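The following exercises concern a strand arrangement and a helix pair. Please examine the sequence and the structure before reading the solutions.

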Amino acid sequence: MIPKIIIGKGSTRRLIAYLFGPGKANEHTDPHLVASWNGFAPDPGRSPHRKPKDVERQLFTQLDQPVTVLGRHAPETTVWHCPVRAAPEDPILSDAQWAEIARRTVAAAGIAPAGDAEACRWIAVRHADDHIHIAATLVRQDGRRPRRDHDIRAVQREARRIEADYGLRRLKPGDGTAARRPTSKEHFKSKRLGQDTTSREVLRLRVRRAVAAASSEAEFFALLRATGVEVRPKTDPSGDVLGYSVALPGDVNKQRQPIWYSGSTLAGDLSLPKIRQRLTTSVPEPTPNRRGNPWHQATAAAERIPHHLTHGEDGVAQGQLAALGATLDLLPVTAPAAAQKELERAAAAFERATRSRIAADHASARALRRSVNAIWRDTAFRGDGAGLAMLVDAVLTAVAYAAHWHRTHRHAQQQAAAEQTLVHLQAVSAYIAEPVLAGLVSRAPTPQTKDRYAYHLRQATPEHAEGILQDGAWDMLVTALAEAEAAGHEAARILGHAISRRSLDDAHSPARTLTWRVRRLGQRQAPSPRARAASARHAAQAPAVPLAQGLRSHRR
């Protein structure tokens, strides 16, 4: 059940006319009162012997009376409007049930506490099976203002209790950090124009993508304009930029003026001060003589996210989740056309999982932000899709751990968002990885070579070995080992190195995870014979410690 509070000015006349009218698309059916402040307010929908407009006039006059009495001393905001909507799968409620829901809602909001005879005047109108509209005036009958402290949160809490009492669909409780939903007017406008999404949602996506791609404030605004977004900076008298608003070309109001949205109204983390905090961690490092592969760097950073979420401080974990969201925002740009829509759905779903009341330590995720930013900037690195498949595989595991982290912190909405993201990523990961992994399988080495690698695997990680050998990705791993060996690496050494980098306990497919790690390590320059000889002498002089024992010590 979703209640939504809207505050207005002036009389309730126009609101009453809308509630009892046909609707903007003739969607209103049988509009009538189900409840009111006194139980016998005039009902335009149940007065067959009177003109409906006359009854509407009588109704809004009675509703507005406490405001009218105050005259010029009336407050600026005087209208409280709260649609309350049931979920599509909920049973159809009776008028009596909706009336009780309305009474509980206005009591929770402080509009009309139970037993308060001098409370605000209000009515509840039903013109559809699945929702009602509550309209009230914000002056009590004794002339005072109602106590509406945190009425939005109070109404949401009451809605959760109503869902339980009436056996309705239970929505996830929020923490006040969700992005603002499109209004019903925005939805209606997008449908009228034949658009799948509202302007608010389109702008939110483009702003998030620009934040993920930019390395400076100037570049952020330039990227927005390059994607067709109109930008209006907000400056102080000295000319310093304090904030910004954005609009879509052609999205205008009745006066043919652009409809502007400030960054903070798109989402709490899209205000300019919050964006500036993240941009300081996205500045590219000075280019070294030999640049690493940013796909490898991003994958390595994504593989570290589960560790941060299970062992790091909350601020660090929140910073990792924000960077993971930025990664998902940019992945569709780098993906094949057939995978872009599903990746965009994953990014849109995970957006809710990137924010909570915990302040994010963005600096802790600098490596992931910079490497993903480098992928976006340099198309030469996109290659045959192996990098994308590798990164998506690591992101899948990170998102699963994000869902668990939010669950332990009782972030119900964020947990649900992460779980929905997993559905989208799982749907697209197979498509992205299939060509790359099929190529590896087709180049699998001889059975004798496989047996040799299996021996090295059992020596290196006895606790995971049998599971990996039974995994369908085993043939991919042995091909990656064979190719690394052909490039001059020692199979046992590179396998041990891949296993020791991080625990395999959090991998949804250890064989596939090792495949990507071995490929990354195998593309590095192989050590020279002299370096291998020096390493062997060092190992011979060191105390003998079984590799498996070393791994367990590393995990601790």
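Two exercises with worked solutions follow.

This is a predicted model, in which local features need pLDDT of at least 70, side-chain atom pairs count only at pLDDT 80 or more, and totals for chains, interfaces and linings use all residues. Residues are numbered from 1 along each chain as its sequence is written, and side-chain values use heavy atoms, with hydrogens and water left out.

**Exercise 1.** Determine how strand E6 is covered and how strand E5 pairs with E6.

*Solution.* Step 1: strands are DSSP runs (E, at least two residues), numbered from the N terminus. Strand E6 covers residues 131-140, and 10 of its 10 residues are buried (under 20% relative accessible area, 1.4 Å probe, protein chains only).

Step 2: strands pair if DSSP finds at least two bridges between them. E5 (residues 120-126) runs antiparallel to E6 and is joined to E6 by six bridges; Ala-124 stands opposite Ile-134. Four residues lie between E5 and E6 in their hairpin.

Step 3: E4 (residues 77-85) is also antiparallel to E6, with seven bridges, and Arg-85 has His-131 as its bridge partner in E6.

**Exercise 2.** Describe how helices H12 and H15 pack.

*Solution.* Step 1: helices are DSSP runs (H or I, at least four residues). The axes of H12 (residues 314-334) and H15 (residues 386-408) are 11 Å apart, at an angle of about 140°; axes are lines fitted to C-alpha atoms over the stretch in contact, and angles run from 0 to 180 degrees between N-to-C directions.

Step 2: H12 is therefore oblique to H15 (angles under 35 degrees count as roughly parallel, over 145 as roughly antiparallel, 65 to 115 as roughly perpendicular and the rest as oblique).

Technical notes
Buried < 20%, exposed > 50% of the residue type's maximum accessible area, 1.4 Å probe, protein only.
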